Amino acid sequence: MTDIRYLAPRTLDEAVGAFAASQGAARILAGGTDLLVQMRNGAVRPGTIIDIKKITELTSIEEAADGGFRIGAAVSGAALAEHPRFGRVWPGVLEAVNLIGSTQVQGRASPGGNLCNASPAGDSVPALVAAGAVVTVQGPKGRRQVAVEAVPAGPGRTNLGPGEIVVSFTLPPRPEGSGDAYLRMTPRTEMDIAVVGVGVSLTLRDGVVAAARVGLGAVAPTVLLVADAARALIGSRLDEAAVHAAAAACRAACNPIDDKRGTIAYRTRVAGVLLQRAVAIAAERAGRV
Amino acid sequence: MNAIDNKWIGRRTIRPDGADKVTGRAGYAADNSMPGMIWGKVLRSPHPHAMIRGINTARAEALPGVKAVVTAKDIVDFPLDKSVMLGIQDMRWMCRNVMAREKALFHGHPVAAVAATTEEIAAEACKLIEVEYEVLPHVIEIEDAIMADAPILHDFLRHEGKPSNIAATMVNKLGDVDAGFAEADIIIERSFKTRPVHQGYIEPHACTVSCTADGKATIWSSSQGQFMVRAMTSLLTGIPQSNIRAIPAEIGGGFGAKTIIYLEPLAVLLSKKSGRPVKMVMSREEVFRGTGPTSGSMSTVKIGAKKDGTIVAAQGTFYLQAGGLPGSPLRGPVGCSFAPYDIPNVLSVGYDVVSNRSKVAAYRAPGAPLGAYATECVMDELAEALKIDPLELRLKNTARPGTKAAYGVVFGSITFEDTVKAIRNHPHYSAPLDRAPAKGVVRGRGVASGFWFNAAGESSAQVNITEDGNVTVTTGHPDVGGSRASIANVTAELLGIEHKRISVLIGDTASIGFSNLTGGSRVTFASAMVVTQSTEKVIGQLKERAARIWKIDPEAVVWSDGAARPAGANAGQFPPLTLKDLAAKANEMGGPIGAGIQLTTVGADPGFATHVVGVEVDVELGIVRVLRYTAAQDVGRALHPDYVEGQIQGGVVQGIGWALAEEYLFDKQGRLDNASFLDYRMPVCSDVPMIEPVVLEIPNPKHPQGVRGAGEAPIVPPLAAISNAVHDALGKRFYSLPMSPPKVLAALDG
Ligand SMILES: Cc1cc2nc3c(=O)[nH]c(=O)nc-3n(C[C@H](O)[C@H](O)[C@H](O)COP(=O)(O)OP(=O)(O)OC[C@H]3O[C@@H](n4cnc5c(N)ncnc54)[C@H](O)[C@@H]3O)c2cc1C
């Protein structure tokens, strides 16, 4: 085995500097629950590992005065679950993050790693897409902000530039009457990978959907923002016709593969079912009576 | 029922191996290392079917750090025309399974092995071995393998006079089925399919081997039989058994699959060539690709009955996947499928079908679950058609002592009926069933029964009294399910001492007499028998010593409550002599105290089980969940209830996986596509409810404690029980497993 250099910088600038200087030979390490597995099976062989868990901005959770949240990219699922407020405001995002792996994995796995690993089946991503989260990225050319759904480029590939690191997720302030939910289909109850994952976020005003976003995972090369599904819901009272239209939009958005984890027909069908179920949960959380 | 005055038998004592296992200290096969040790790795075939035209190992051998390379030519050849059996294993197939000889027969078939100073160098060296393959068309599934134009795996196999992939046929026959069916008022005939499933033990195969310059080999490995390891390694390497010492490690699960070996002979040859200790550990992927699983199957079962439910004839045809080399467990479905019932006319036929997949290995009641799946589903349809309660139908036809089974025996003390009644009388069976608890959710309940032969056979034990008056018991059986705890209870009971004063050990091949495999649900039965006889001998010695000290007749001494006591006319004349007292005087009174027994045990009557299961189906997602499970079984006597219950629960969980989730998936190139626990979906804890064992204790009259084998019968009924429950929920029958979500949803749509 070749030697691997391990760096654990305390500042983002140092991390970005080292990452950029490595010219592609380095890998960012957050929880390592994807990276170490990939190193062990020989899929990646980094010359340098840059551990980002010593950088405060990447491991902290902040609630802004306006009610928005900023979550460090390397915050673990367990740390997010322990936050006194986050799960009350974004129960769907939290349940998506907490679905990742087992108790042991939760102590390490981060939403940043889940996003940057760029698996179409990553559980937190559809929920973050539905939440309208914005990602702060820092690289050699400075900081930029981009929508969550713009980060993945395809299975295992991102749109991050050379030397760029995901710093944090910003979730917008939550209006009164909002709720979100994430559901995934897995044959097993635990320790499995999503065959389909659906995140839904709703804001209701007097029983009418004022805002909606739908994220759909594991049915295309990247997690999808399904604008048509949201459009079908917005302005409705979540009557059967509207929900069915949204489900149909989800099915139409599917571009899955037939593989050992699920057939095209199955994934497509299930996308619609999960949409309906996730809408019902999100609506209840939004206070629908 | 269990005698209530037992002090230790039937108690939930702490298992002797428990503390080490929960603290991570137990020594499993991969935990062993030695000074100077090097690492062995296996090169595996990238093709599912190919002639091996040549192997050039020169470049691998030249790589710095490489110490030895072996190929099939280093392994003893067992020519194809002469069968050499070791137990149920034919060495012609075993020698070709551990290393491809003429042909690579499946993707992942070993073709060479390398030992080097590091794992990385060994892996690198594997890549430098040049194998010249002539790729042949491959065949994976049974239905394709038995077609007239199928690629033939072995030219030497003939079926009905023609080259064929059908390697063997087994027939069990009773009466005249044609005449029987002619008498029937109703006949139900259905065909079924099951997929191969892996035993799924958590510990991958591993061994460390050290060969010395004078030709002696020591093997540390985990297996279901150190004597099997010794014998099979001896046959495959040519080293006499007396020069091989096989030391059993703790075993992290085997479920039948560790009754054969894969790595040990390769490691022996690598160690012999290199002069260094060699360690080999399979990855999980290698375990999936290269070992086990049990057979997939295609079967047809036909049952004919009178209007009142009396079964007059039954016929079964079972095609089983053997893998690349012959040897599927035909006896399982052929012999077990109809055994619970008293049927005058039976014809049960099994076919052993080879195809380009890894050679099957034993899996818990080998072959019986897939046979019972077919039979017990047809029984359910029969009960439905006749409007008879399914358990009443079973009771009406139950086999009893004296019933002749189609596999040839006349049953002795069997208790099938009791298991059926136990379920019929259990609250689960009569509990109200909410058939549609929520939108899109339906529930149902199903039952099924099962049979397993059970086994007895060779076992050895040695019971020694230590100088300080405590006890060591050594047996020759790897402990896969808590047998040490049961043996401690038995010995404590017989000697009348605290069970903590007894240490139960597993001997290696040089320290204990021959003991056959841990398999066939035989170990607790057989080892309790030899341990009982050994302990009784020890008690005889102890009484003799006491008699000598007291200068009375040994017949006038009794052993009770851990001490020799004068009896009869001498009762009360002398203070009792405890084990400690007698041990202290051992030397002066005739030498060390201890006794051993080596015996071919007999009297393991068969085991039966009846199960009831409640399921829930999410009809929008096609997910079947098991909500409640109750499993009744006669175990004769539960020497240690925890481990009997554990056997029942474990068997059921494996059955649940088989029924709902587990399957080998192959791609078009004939490669296993799901060689990991992520995609080979064994159930996890949260997938199964607490399984309630109903442990019947009807003592087996042929065993000193009344033990009946318990480990295998519980995996036999679940496939059908769950299938019948899904039918009850959906009103639709499935004829193939697993009932995985896409399959269930497609069936609901169709
Ligand atoms: C047993 C087990 C079960 C699992 N179950 C699930 C599951 O149910 N659902 C699921 O979605 N996933 C699952 N996973 C996968 C994995 O745990 C998740 O994807 C997790 O979120 C990864 O986070 P991490 O912090 O461990 O990432 P890491 O492994 O540290 O990183 C993942 C990748 O992202 C890159 N990276 C990480 N952080 C950054 C950053 N801030 N900027 C740029 N690049 C970065 C790394 O270089 C690496 O390529 C499981 C993994 C295991 C081992």
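A salt bridge, for my notes, is a side-chain nitrogen of Lys or Arg within 4 Å of a carboxyl oxygen of Asp or Glu. With that rule I get 6 salt bridges between chain B and chain A.

**Ground rules.** I'm working on a predicted model, where local features need pLDDT of at least 70, side-chain atom pairs count only at pLDDT 80 or more, and totals for chains, interfaces and linings use all residues. Residues are numbered from 1 along each chain as its sequence is written, chains are lettered from A and ligands numbered from 1 in the order in which they are written, and side-chain values use heavy atoms, with hydrogens and water left out.

**Chain B against chain A.** I looked up one of the salt bridges: A:Asp192 pairs with B:Arg681, N to O, at 2.6 Å. I also find 12 residue pairs in polar contact across this interface, both residues at pLDDT 80 or more. (A polar contact is a pair of N or O atoms within 3.5 Å; within protein, one must be able to donate a hydrogen and the other to accept it, and residues adjacent in sequence count only if both atoms are side-chain atoms.) Contact, meaning heavy atoms within 4.5 Å, involves 23 residues of chain B and 18 of chain A. I noted a buried area of about 1,900 Å², with 52% from carbon and sulfur atoms; that is the accessible area (1.4 Å probe) that two parts lose on being put together, summed over both.

**Inside chain A.** The domain assignment, automatic or from a database, gives domain 1 (5-119 + 133-171) and domain 2 (178-285). Their centres, over C-alpha atoms, are 25 Å apart. About 1,100 Å² is buried between these two domains, 56% of it from carbon and sulfur atoms. On the domain 1 side, A:Glu95, A:Leu99 and A:Glu149 lose the most area to domain 2, together 40% of what that side buries. I count 2 salt bridges between the domains. A:Glu95 turns up again here, in a salt bridge with A:Arg285 whose closest N and O atoms are 3.0 Å apart.

**The ligand.** Which residues are closest to the ligand? I get A:Ile28, A:Thr33, A:Asp34, A:Ser110 and A:Asp123, out of 30 that surround the ligand (one heavy atom within 4 Å is enough). A:Thr33 puts a polar side-chain atom 2.6 Å from a ligand oxygen. The side chain of A:Arg27 has an N or O atom 3.0 Å from an oxygen of the ligand. A:Val166 uses a polar backbone atom instead, 2.9 Å from a ligand nitrogen.
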